[in-house]
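Hi everyone, thanks for making time. Please have a look at the sequence and the model on the screen, and then I'll walk you through the parts I'd like to talk about.

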Amino acid sequence: MSHSPKPVKKVPLHLQSAQNRVYIKNGQVVNDDGMFKADVYIEDGIIKFVGPASEINVPGGVRVIDATGRLIIPGGIDPHTHFQFEFGGAVSVDDFYHGTRAAVAGGTTTIIDFVMPNKGESLIDAYHKWRSWADPKVCCDYALHVGVTWWSKLVSDEMKILCQELGINSYKMFMAYKGLYQLNDSDMLDSLERIRELGALAQVHAENGDIIAKNAGKLLNAGVTGPEGHEMSRQEEVEAEAVHRACILAHQVDCPLYVVHVMGKSAGIELARARRRYNNRGIYGETLAAALGTDGTHCHNNCFHHAAAHILSPPLRSDPTTPEFMMRLLANDGLQTTGSDNCTFNKEHKELGKGNFTKIPNGVNGVEDRMSVVWEKGVHAGILDPCRFVAVTSTNAAKLFNLYPQKGRIAAGSDADIVVWNPNVTRTISKDTHHHNCDFNIFEGMVCHGVPEIVLVRGRVCVEDGNVRVAEGFGRFLSTPVRTPYIYDVLEGKVPAEQSNGDGKAAGGVNGGVKSLNFDALQKEVTYQKPISHTLLSSAYDVGSQAKPQSPTGLKHVDGARNMQESTFSISRK
Ligand SMILES: [Zn+2]
Ligand SMILES: [Zn+2]
């Protein structure tokens, strides 16, 4: 029934059978909907038992792990990676081996990568290309999204085959990257309609590519060539406008929509507003470890390498209040998931953009550190409870991409993708100790509470005592069925939206029901930046005479009259 190639497995037999029975005792199990003391018994990669020690007779010859003082959480699901991805003349250095190895080291045991067809290329051909790169190399299970990077009858026909025979249930469209991947609204609508017909989930990269192209041209002409030009060409409202438009386009054809990498506060507000407008029906949002753990001030660093290493799209925002704000949106179900957008390039690749910021290969790390960053900035900071942490790092992604409860839950019958998490010790993130294949880490020096001490990938202990022992090719491709009930039952009115947190209604189980969005605040406007055209025209920035020769250009703060303190959007604690 499947066109997919037989995955090549390089795992020796002794590795497949070793440690096939594991008993984790004395730990605290954390799922998205509850936390309780329980022992966990695993056989052949599957969780067989979760409950009190008194209720199980553990057979002999079992590997016993003492999890006293530790949490037992579902392995992380990173729904957004780009391993071995060619972008702007370079290939990202974390391939499916190094990428999934880094993921597992950090407690993530499932990744979802993007098949990115070239314009005019068959989606199915591209899919097989990605499978042939991933299958022999992945150290943990993975699934795929497919990019709808151009539109035609052939694309539409192939989408049906991908859904029905090749395990794809989500498609990504681009509102940016003009001339490369960008779809116009008409093609977007056709794609969204098709996705709805197929019972799949639409994803968008939400930025207005036409504005970006115009601004980038103006900035380069004015001599702004350094990395700081990147965010200047794509201000917050350029992202917010596209988020708003995407939500409306999707709503018009009743297609469920998942906005990837929401990076700016105002984009997050648009997403939360749309969820409220449509009663939490059919709109979902993801933010990135990068957006939660660092900010765009680094893109103004005088060192080109440092600044360029922080370039991705949409950009990290220079407003330093962004990370906490995004975390609060996650806490209150304004956003649902965290990804990494892991797409790592080394110094020599980033240098392709020296003298022209539009040529800097886009991408940062995150697949390894996402769990620790979300714990540190979320749970340790008192914004997320541990259940919400599990929801935004694994369970919600499992539900949205129809992997639940096989993934994203500690329960009998689920895959034994498990992290024994120690919230009481710390580790310091560094490029010198990370497991990526890249020479930079955007979280360098961050001290994180929350360490994945033991990581099991389908029952196999892959991280222990600081050692990472993965098996190349051990991971499997996860076929994702269409019509995930967590989206479509709600969309079709069969069940009410799981989280009803608007208009003073109870917040249900979200984040322990402790906090909910202050929707009055959503009615107010954030303070927007002056448009770049205005800034370039004003005499205060006579860039023609001063800034042409080299980059960074010294035009550090072209955000005009913006006052970060004036943002009137806030989230209240109840
Ligand atoms: Zn994107
Ligand atoms: Zn991406």
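Let me begin with a term: a residue is called buried if 20 or more other C-beta atoms lie within 10 Å of its own, exposed if 12 or fewer, and partly exposed in between, with C-beta atoms placed from the backbone. Helices (H or I, at least four residues) and strands (E, at least two) are DSSP runs, numbered from the N terminus. This is a predicted model, where local features need pLDDT of at least 70, side-chain atom pairs count only at pLDDT 80 or more, and totals for chains, interfaces and linings use all residues. Residues are numbered from 1 along each chain as its sequence is written, while chains are lettered from A and ligands numbered from 1 in the order in which they are written.

First, the overview. The protein has 574 residues, and 55% of them are buried. Its secondary structure comes to 19 helices and 19 strands.

Now to the start of the chain. Two strands pair if DSSP finds at least two bridges between them. Strand 1 (residues 21-31) and strand 2 (residues 34-43) run antiparallel and are joined by 9 bridges, with Val29 standing opposite Phe36. They form a hairpin with 2 residues between them. Strand 2 then pairs with strand 3 (residues 46-51), again antiparallel, over 5 bridges, and Val40 has Val50 as its bridge partner. This is a hairpin too, with 2 residues between the strands, and Asp44 in the turn has a positive phi of about 50 degrees.

Next, the open sheet. It has 8 strands in the order 6-9-10-11-12-13-14-15, with parallel pairing. At its edges sit strand 6 (76-81) and strand 15 (337-339), each pairing on one side only. Angles here run from 0 to 180 degrees between N-to-C directions, using axes fitted to C-alpha atoms, for helices over the stretch in contact. On average, neighbouring strands of the sheet are turned by 30 degrees against each other, direction ignored. Strand 6 and strand 9 (residues 108-115) share 4 bridges in the parallel sense, and Ile77 stands opposite Thr110.

What packs on the sheet? Contact means that two C-beta atoms, placed from the backbone, lie within 7 Å. Helix 5 touches strand 11 (170-174) and strand 12, and its direction makes about 175 degrees with that of strand 11. Helix 14 (residues 370-380) touches strand 6, strand 9 and strand 15, at about 110 degrees to the direction of strand 6.

Let's stay with helix 5. Which of its residues are buried? They are Met188, Ser191, Leu192, Arg194, Ile195 and Leu198. Seen down the helix axis, these fall within an arc of 165 degrees (taken from the directions from the axis to the C-beta atoms), so they line one face of the helix. On the other side of helix 5, Asp185 and Ser186 are exposed. The cover over the buried residues includes helix 4 (153-165), strand 11, strand 12 and helix 8. Just after helix 5, Gly199 takes a positive phi of about 75 degrees.

That brings us to helix 8 (residues 236-252). Its buried residues include Val238, Ala242, Ala246 and Leu249. Among the elements they pack against are helix 5, helix 6 (209-221) and helix 9 (265-277). Asp254 follows helix 8 and has a positive phi, near 55 degrees.
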